[in-house]
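Morning, everyone. Please have the sequence and the structure open as I talk.

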Amino acid sequence: MTGYLFILIGAVLVNNVVLVRILGLCPFMGVSRKLTTAYGMGAATTFVLTMGTGASYIIDHYLLMPFGLEYLRTISFIVTIAALVQLTELVIQKTSPMLHQVLGIYLPLITTNCAVLGVPLINVSQNNDFIASLVFGAGSSIGFSLALILFAGIRERVEAADVPQHFRGVAIAMVTAGLMSLAFMGFAGLDRY
Amino acid sequence: MDGILYAIAIMALGGVVLGALLGYASTRFKVEGDPLVDKIDSILPQTQCGQCGFPGCRPYAEAIAKDEADINQCPPGGDENIHKLAELLGKEYKPLSEEHGIEKPKQVAIIDEKVCIGCTLCIQACPVDAIIGAAKQMHTIAEDLCTGCELCIPPCPVECIHMVTVVDTPDTWKWQKPGTASRVIPIIPVMATIQSEHA
Amino acid sequence: MKLFSFKGGIKPDPNKTQSTVLPIAQAPLTSRYIVPLHQSVGGTPRPTVQVGERVLKGQRIGEADGWISAAVHAPTSGTVVEIGPHIIPHPSGLATDCVVIEADGRDAWIERTPFDLDQAEPDAVRDYLRDMGIVGLGGAVFPSHVKLSVPRGKQVEQLIINGAECEPFITCDDRLMREQATEVVQGSLLFGRLLNAGKVLIGIEDNKPEAIAALKEAQQQLEAPLEIVTVPTIYPTGGAKELIRVLTGKEVPGSRRSTDFGVQVFNVATVQSAWRAITYGEPLISRIVTISGAVGEARNWSVPIGMPINVLVKLAQPRTDMDGVIMGGPMMGFRIPATAAPVIKATNSLIVHAPGLFPPKPAELPCIRCGSCAQACPQELQPFELYWWSRSAKFEKLENYKLFDCIECGCCDFVCPSHIPLVNYFRFAKSEILAEQREQQIADAARERHEFRQERAEREKREKAERLAKANAARKAEGKDLSAAALSPSPKTAPANDPDAAPDISSHPDQASTPISMDNHPVLDATAKQAAILAATERARLKREKHAGKSRDTTH
């Protein structure tokens, strides 16, 4: 049981998918202008990434490994995830228009998110079992959401600040992201204890 | 050789299964209507003036939602509206397109009641029923309801309708934003200071 | 009695002693009075007099428009010489419609009849106070009769009469309580009776011992069942919400009314003027104004409403280097745009400004988020957050920080080490948000009307088609009879959906979209209308040509 907890904490904080592994930077920079959209994107990614990691584990273990087709991982994972995202969007749109409003345009965006492909690939390379895969997927996506929401909160404030002319916009966002990344490096010390 | 065949078979199988699943879902979970149109429509100023090239605000909202119209075609909404639309749709801000008109202060139409002949043509033109009157009777405009769309001006055969700018009253007057102190650090050319010291 | 306290607040230099030495003086008659019609919160009163009409002192010149509105009256007898826009004491510097009265010097009262409280219905009392123009004289000028109507199912447990007068320089309520203590006490009892209040409390700051003594004496004489409570001197105890907090411990959020919590608050001058209106039939035509600052003789004056401020200020012997007048106190007041503006019901104090009276405000520096403003805020807000989002015009954020709970008392301005004019930022943000809400309301109404119009056009089209079909069916039946008689049955006679088959209806094609004219004139002839339009166009063209010819002639 503690093993799963370590996987979870490790995925959320120590090896944060955005700030330490530097994956999924496009949504991190792109949809962090407003706090509300960051919440939506975080929720959508958490959902898709957890599902995607589980689904890709099943594909890998029961379809690719028995036939020795590990070299097809990348392509089959991305197809699976893309289909999953589409399916999820259709179902959500029908069953819960409210949630669809919140997740809105972010669901299709996730398809091309490198974090969503990267996490299942890292997952299979770590030889996790099924439950551990789900925990790892959930932890990574929670880490992604955490970084995204924190960053959006900071950016909203920075937008209202007296930033020197030449630093406005993406430049100051990059500086902020760099500082956040430095801060998250500090969690690397957690595994000492 | 077997490996390739397996690979092709598995990818084909995956493609067929996922494709079938998506195809089924898209018919099974079909939704009508577009909530985006309502959101766009709520931003538009509802003057119903048609300056955007569409017959009213809602048709324009529908066109924006379908990506058939640009977001910068609404002169009454002005700059503020374009910013709001850009934010809602995640598009880049553009200045108001000049071919659709320029942003004017809010106006209302006034009928010169001495000249009006009661032809009812303006009543037919008014998109918000803000003109009161009957045939061969003098008409008048309910100023509170007038959106300032100017649609009643061209039909008037006797040119008795004029636009007047709405003036601020103490109740509608807005406080100015306090002037933020400029925090510019003056840059003095180094040569100039050296020269002045030597002089 | 157990007192509570509110968080924050400040202790500015009171500067009250200068103007409390001398008693209230009656301002002498002047030649012209400018009475703005819109002097209270709510609807603008409609003028009931005409230019050239003679009016008597106390005659109603503007009647209340709607429930939230209050009448205005002539401050003296004379002639109405103008009804038109004049500058009023408002930070905007804008003009509104005023009734200008040229005084005849006789100062003759209209006939005054006391109001019989025992015979009257409760609603009649409120209508009477509205017609007497009684509004809150503490500065907010909210019509008092509205505050006297308690929502159904609510009970006023405590009626608070506000004599705190916390703002520096202002002493009009202090002098009133000293000189008219009996009337204040009787007015308080009157409002307690009208509201059926469980308890009546008069709250006074402890820096006015003379006023407290005078009121206590009056209370003993009248054996009045009310309590006079001394509260500590902290700015802004005189704010309604703060006084409620101090006296009852109840906290009223910005979105709710104090009656929801069983409390109502009136100013001492308001209850006194209401009592006079009921006992003597005197409408609200004058008020007490403190004049202080850079003047030779700081004191309180009883001033007719409508007296030009420059005339009034001259009475106080202003310093020769005066450069402006502040209406209200130094914390919440504003520099009036022109001293020709009249005294209005909201004018509780005029501070004559001259260089050196107040130290000039140093330049605004960046906010360092020290939090001094949050500690000083009596409403327990976070002014530095409000400032951050007001300045960057991100108004939707301000909702979370409760901008509309701000009472604009100026405590945050006072303590800010960066000299940021915080309240001005909040006023800016508030007026922008209110304007946006107004625009949204207008847009929503326009959308509704447009949709309704489209629906109606559709319905009419449908009805027309139905009528057409009916007419055709009728004709077909008729035609059958005819054809039967004439023995010439043609297979091609009038298909049911042929519009040409019904010329009597479709000859008015434009009537389908002229619903109003059609409703009123079902038999209007289209050709006659066309002719009228043509004639009018011709007239307009001739007129234009004539006009053009004339202007050409004059240029030659």
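**Three chains, one at a time**

Let's start with chain B. It has 199 residues, and 26% of them count as buried. This is a predicted model, so keep that in mind throughout.

What is the secondary structure of chain B? It comes to six helices and four strands. Start at the N terminus and walk along. The elements of chain B run α-α-α-α-β-α-β-β-β-α. Now take the contacts in chain B with a separation of 6 or more. Residues 24 or more positions apart account for 57% of them.

Next, chain A. How many helices and strands are there? Chain A has nine helices and zero strands. Along the sequence, the pattern of chain A reads α-α-α-α-α-α-α-α-α. The radius of gyration of chain A is 17 Å, and the globule rule gives 16 Å for 193 residues. Those two values are close, so chain A is as compact as a globular protein of that length. The C-alpha trace of chain A spans about 60 × 50 × 30 Å along its principal axes.

What share of chain A is buried? Of its 193 residues, 39% are. Contacts again, with a separation of 6 or more: in chain A, 78% of these come from residues 24 or more positions apart.

Let's zoom in on one helix of chain A. Helix α1(A) covers residues 2-14, and its buried residues are A:I7, A:A11 and A:V12. Why do they lie on the same side of α1(A)? Because they cover an arc of only 115 degrees around the axis. What covers these buried residues? The cover includes α8(A), residues 130-159. Now turn the helix around. The face of α1(A) turned away from the buried side carries A:T2 and A:L5, and both are exposed.

So where do chains A and B touch? On the chain B side, 15 residues are in contact with 16 residues of chain A. Which element of chain B gives the most to that side? Helix α1(B), residues 2-28, with eleven residues. And what kind of residues touch chain A? The side of chain B divides into eleven nonpolar, three polar and one charged.

On to chain C, and a sheet. Four strands of chain C form an open sheet, in the order β2-β8-β7-β4. The pairing is antiparallel. Which strands are at the edges? They are β2(C), residues 32-36, and β4(C), residues 54-55. Each edge strand pairs on one side only. Look at β4(C) more closely. It pairs with β7(C), residues 78-87, over two bridges, in the antiparallel sense. In that pairing, C:V55 stands opposite C:G78 in β7(C).

Last, confidence. The model scores ipTM 0.77 and pTM 0.82. For chain C, the mean pLDDT is 86, and 86% of its residues reach 70 or more. Two stretches of chain C are worth marking. Over residues 488-525 of chain C, the pLDDT is below 50. Beyond near neighbours in sequence, that stretch still has 47 contacts in the model. Over residues 550-556 of chain C, the pLDDT is also below 50. This second stretch has zero contacts beyond near neighbours in sequence. How should you read such places? Where pLDDT is low, do not read the predicted coordinates in detail.

That's my tour. Over to you.

Notes: Residues are numbered from 1 along each chain as its sequence is written. Chains are lettered from A and ligands numbered from 1 in the order in which they are written. This is a predicted model: local features need pLDDT of at least 70, side-chain atom pairs count only at pLDDT 80 or more; totals for chains, interfaces and linings use all residues. pLDDT is the predictor's confidence in each residue, from 0 to 100. Two residues are in contact if their C-beta atoms, placed from the backbone, lie within 7 Å. Two strands pair if DSSP finds at least two bridges between them. A residue is buried if 20 or more other C-beta atoms lie within 10 Å of its own, exposed if 12 or fewer, and partly exposed in between; C-beta atoms are placed from the backbone. The arc is that of the directions from the helix axis to the C-beta atoms. The radius of gyration is taken over C-alpha atoms; the globule rule is 2.2 Å times the number of residues to the power 0.38. Ala, Val, Leu, Ile, Met, Phe, Trp, Tyr, Cys and Pro count as nonpolar, Asp, Glu, Lys and Arg as charged, and the others, Gly among them, as polar.
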